[in-house]
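Reader: I would like a close look at a single part of this model, taken slowly and with the distances spelled out. Please go on from there to its surroundings.

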Protein chains: 2
Amino acid sequence: MATNKTQRVTMSDVARRAGVSRTTVSFVLNDKPGAAIPDETRRRILEAIDELGYRPNAGARALAANRSGWFGLITEIVTGPFAAEVITGAQSRAWGDRRFLLIAASEGDPAQEAAALDQMLEHRVEGLLYATTWHRAVSLPKAAREVPTVLVNCYDAAGELPCILPDEVSGGYKATRRLLDAGHTRIGFINLDPAIPAAIGRREGYERALREAGITPDPSLVIPGWATADGAYTAACELLDRPAADRPTALFCGNDRMAMGAYDAIKERGLRIPHDVAVVGFDNQELIAAYLRPKLTTLALPFEAMGTKGVDMLAALAAGQPLDTHRVTIDCPLLERSSV
Amino acid sequence: MATNKTQRVTMSDVARRAGVSRTTVSFVLNDKPGAAIPDETRRRILEAIDELGYRPNAGARALAANRSGWFGLITEIVTGPFAAEVITGAQSRAWGDRRFLLIAASEGDPAQEAAALDQMLEHRVEGLLYATTWHRAVSLPKAAREVPTVLVNCYDAAGELPCILPDEVSGGYKATRRLLDAGHTRIGFINLDPAIPAAIGRREGYERALREAGITPDPSLVIPGWATADGAYTAACELLDRPAADRPTALFCGNDRMAMGAYDAIKERGLRIPHDVAVVGFDNQELIAAYLRPKLTTLALPFEAMGTKGVDMLAALAAGQPLDTHRVTIDCPLLERSSV
DNA sequence: GCGCTTTAATAACGCGCGTTACTTCAGCAT
DNA sequence: ATGCTGAAGTAACGCGCGTTATTAAAGCGC
């Protein structure tokens with residue numbers, strides 16, 4: 001209830017109580033190698049710490065040791081499942097290392113982004129994680145050069161900064177492969193905006209899987225759905241209204257919301273999933289994929305893993321170690337449900 | 001690219017460059033009232049700051065000023081829409097005040113929670129926000145008493161800590177009222193676990209709205225759906241299979257997922273929403289409510305507002321001001337879509 | 001007894017900054 | 001010239017801690 005506005009207990013208090021010098025306390029607190037502390041002394045000190053309820057002051061420690069322990073994490077938005085997963089991954093990895101995350105949302109506003117970056121630099125972050133909600137190229141404010149930076153789910157055009165990206169090609173490959181394995185040979189691909197990396201990579205994987213199966217990719221089976229349920233619905237209608245011999249028996253959709261649109265088109269025509277038409281989505285938006293009927297088989301974007309890996313790389317960079325790989329890709333796991 | 005491992009520029013560097021003392025620099029940086037700084041001097045200093053790219057060291061400043069600028073935020077999980085909204089609200093309010101949020105997730109594990117709290121206290125947070133994903137009673141580790149604490153979406157049994165809660169009663173009232181206004185008089189209520197505050201409060205609002213409309217609440221119309229889509233489906237079946245004269249023409253569901261289950265039961269029976277049966281949900285889970293057919297009218301839990309208000313209260317407490325209200329309730333807005 | 005090493009511990013400095021108390025000097029009335 | 005006032009600026013201390021250099025005592029071989 002009552003706020004303790006009286007001065008907090010410091011290391012000197014502990015030292016006095018234990019009958020030693022402050023230096024000695026610091027030594028036991030930091031397990032200083034080379035410092036010979038008899039067990040009895042150590043015990044007295046730990047006891048004093050306990051009795052006084054002493055807590056080291058992280059800020060003072062950072063100042064003296066010239067090591068803040070902070071990493072910065074800038075995302076576009078905090079809300080939304082993707083950013084949250086990145087945060088979760090990065091957090092757990094960081095806290096385990098006694099490092100902390102200063103999180104900021106740019107809200108897509110360059111001014112806010114710059115302000116956030118300023119604050120982070122003032123807090124002397126030892127590294128910066130910059131994450132986007134969709135895989136694309138970005139360019140960072142100059143100030144970001146002042147500190148080791150790792151890009152998550154994005155990359156810089158110049159290719160100077162290390163980055164962590166989902167493996168879109170393998171994602172497209174795995175989706176297609178799964179459908180091939182189920183016996184489908186005419187597989188429609190309702191893709192995202194064809195100009196973005198996700199669309200390009202997945203199409204590459206899609207075509208590779210087909211060729212490996214001895215099938216020549218038919219470009220007319222690939223239609224951009226422009227990332228909306230309605231767009232995908234239209235695209236699916238187009239594909240399903242072809243003459244039977246020409247009609248795909250499976251649809252690979254650029255994301256789960258698009259799969260929703262495809263579901264509607266399929267059901268409208270009295271076709272059944274997966275018996276008549278199989279569907280694979282992308283993104284694994286739990287609330288969609290797990291509640292569609294039938295449940296949607298889809299690929300997950302590995303946001304949490306990317307967050308974890310980001311902190312890994314940052315930790316290495318902050319420690320002055322070189323990076324083994326400058327550009328890391330992380331696999332998109334296939335989540336089997338009931339739509340194939 | 002290259003990490004700048006050379007020592008960063010400090011205030012002394014700025015002072016030297018500007019030909020003044022460090023104290024003077026500090027004065028202009030902090031707009032010290034009572035310090036007479038001629039414009040010319042101020043200009044020189046600002047110029048030096050700019051040329052050198054000086055950034056104040058937030059940690060050192062905190063140490064000297066004995067004011068960390070940190071608030072702690074402990075949630076159960078970071079993933080999931082609710083926590084993210086609280087974070088968003090708290091963040092925006094905090095950053096605007098040049099305060100920062102040290103965010104941690106307990107993952108429901110008391111050990112992690114205690115560890116997080118320890119770290120926060122070591123970082124000398126000036127206040128603590130403790131948020132849960134669902135409205136309930138909690139008990140905090142003793143250590144939380146060392147710093148002003150505000151509970152978000154929860155309360156302590158002893159009623160000692162200030163808390164911010166959604167106004168469940170008004171939520172239940174508004175939902176029911178909306179249905180009454182649409183002409184319904186027999187309104188089924190598929191409630192959550194009847195022992196939790198949300199269920200109790202909403203039922204109170206539900207009954208009050210009915211009474212105000214001159215309708216005596218019929219207990220047989222209130223059924224717990226146990227917070228699952230399946231449970232709600234069963235409950236809805238039970239209500240809809242009554243003799244016509246006895247059957248509700250509207251269903252108020254404890255959450256959006258439960259509304260999904262109710263939708264299924266309604267559609268199975270060839271009834272139409274909202275013509276034959278109207279539905280109101282709760283929680284406004286975007287991915288469900290906005291994509292159900294028809295779109296679901298529901299009440300939103302005001303997580304973002306609660307986060308904002310939490311920081312407000314913390315700021316007041318940290319400044320030593322008394323709180324006007326110990327227990328704040330925040331309204332749940334009704335989001336009109338197409339299911340009523 | 002004497003040097004030497006090891007053990008146990010500490011004084012003192014600095015991290016970057018906020019702040020208080022103090023100094024210096026110009027201007028001005030007496 | 002003296003005294004006073006306000007303007008402009010600074011020296012010096014302390015925040016809580018890590019760390020280095022140094023000291024004091026104890027153990028040991030001879």
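Which part of DNA strand D does a polar side-chain atom of A:T23 lie close to, and what is the distance?

Author: The model is a predicted one, and the distances that follow are computed from its atoms. A polar side-chain atom of A:T23 lies 3.3 Å from a base oxygen of DNA strand D. Chain B offers a contact to a base through B:T23, where an N or O atom of the side chain is 2.8 Å from a base nitrogen of DNA strand D. The backbone takes part as well, since a backbone N or O atom of A:N57 lies 3.0 Å from a phosphate oxygen of DNA strand D.

These contacts belong to a wider surface, in which 27 residues surround DNA strand D, and the closest of them are A:M11, A:R22, A:Y54, B:S21 and B:T23. Sorted by class, the surface near DNA strand D has 13 nonpolar, 10 polar and four charged residues. Helices of both chains contribute to this surface: α2 (22-29) and α4 (58-65) of chain A, together with α2 (22-29) and α4 (58-65) of chain B, each supply at least two residues. Seen from the side of the nucleic acid, 57% of the atoms of DNA strand D within 4 Å of the protein belong to sugar or phosphate, and the rest belong to bases.

Turning to the sheet of chain B, six strands form an open sheet in the order β2-β1-β3-β4-β5-β11, with parallel pairing. The edges are held by β2 (100-105) and β11 (327-330) of chain B, each of which has a single partner strand, so one side of each is left without a neighbour in the sheet. From one strand to the next, the twist averages 25°. Within the sheet, strand β1 (residues 70-75) of chain B is joined by three bridges to strand β3 (residues 128-138) of chain B, the two running parallel, and B:G72 has B:L128 in β3(B) as its bridge partner. Helix α6 (residues 110-122) of chain B packs on the sheet, touching β1, β2 and β3 of chain B, and its direction makes about 175° with that of β1(B).

As for charged pairs, the structure holds 54 salt bridges over all chains, including one in which the side chains of A:D312 and A:R93 meet at 2.3 Å, N to O. That pair links distant parts of the chain, with A:D312 in helix α12 (residues 303-318) of chain A and A:R93 in helix α5 (residues 81-96) of chain A, 219 residues apart.

Key
Residues numbered from 1 in each chain as written. Chains lettered and ligands numbered in written order. Predicted model: local features only at pLDDT ≥ 70, side-chain atom pairs only at ≥ 80, totals over all residues. Heavy atoms only, no water. Near = heavy atom within 4 Å. Polar contact = N/O pair within 3.5 Å; in protein donor to acceptor, adjacent residues only side chain to side chain. Helix = DSSP H or I, 4+ residues; strand = E, 2+ residues; numbered from the N terminus. Nonpolar A, V, L, I, M, F, W, Y, C, P; charged D, E, K, R; others polar. Pairing = 2+ DSSP bridges. Axes fitted to C-alpha atoms, helices over the stretch in contact; angles between N-to-C directions. Contact = heavy atoms within 4.5 Å. Salt bridge = Lys/Arg side-chain N within 4 Å of Asp/Glu carboxyl O.
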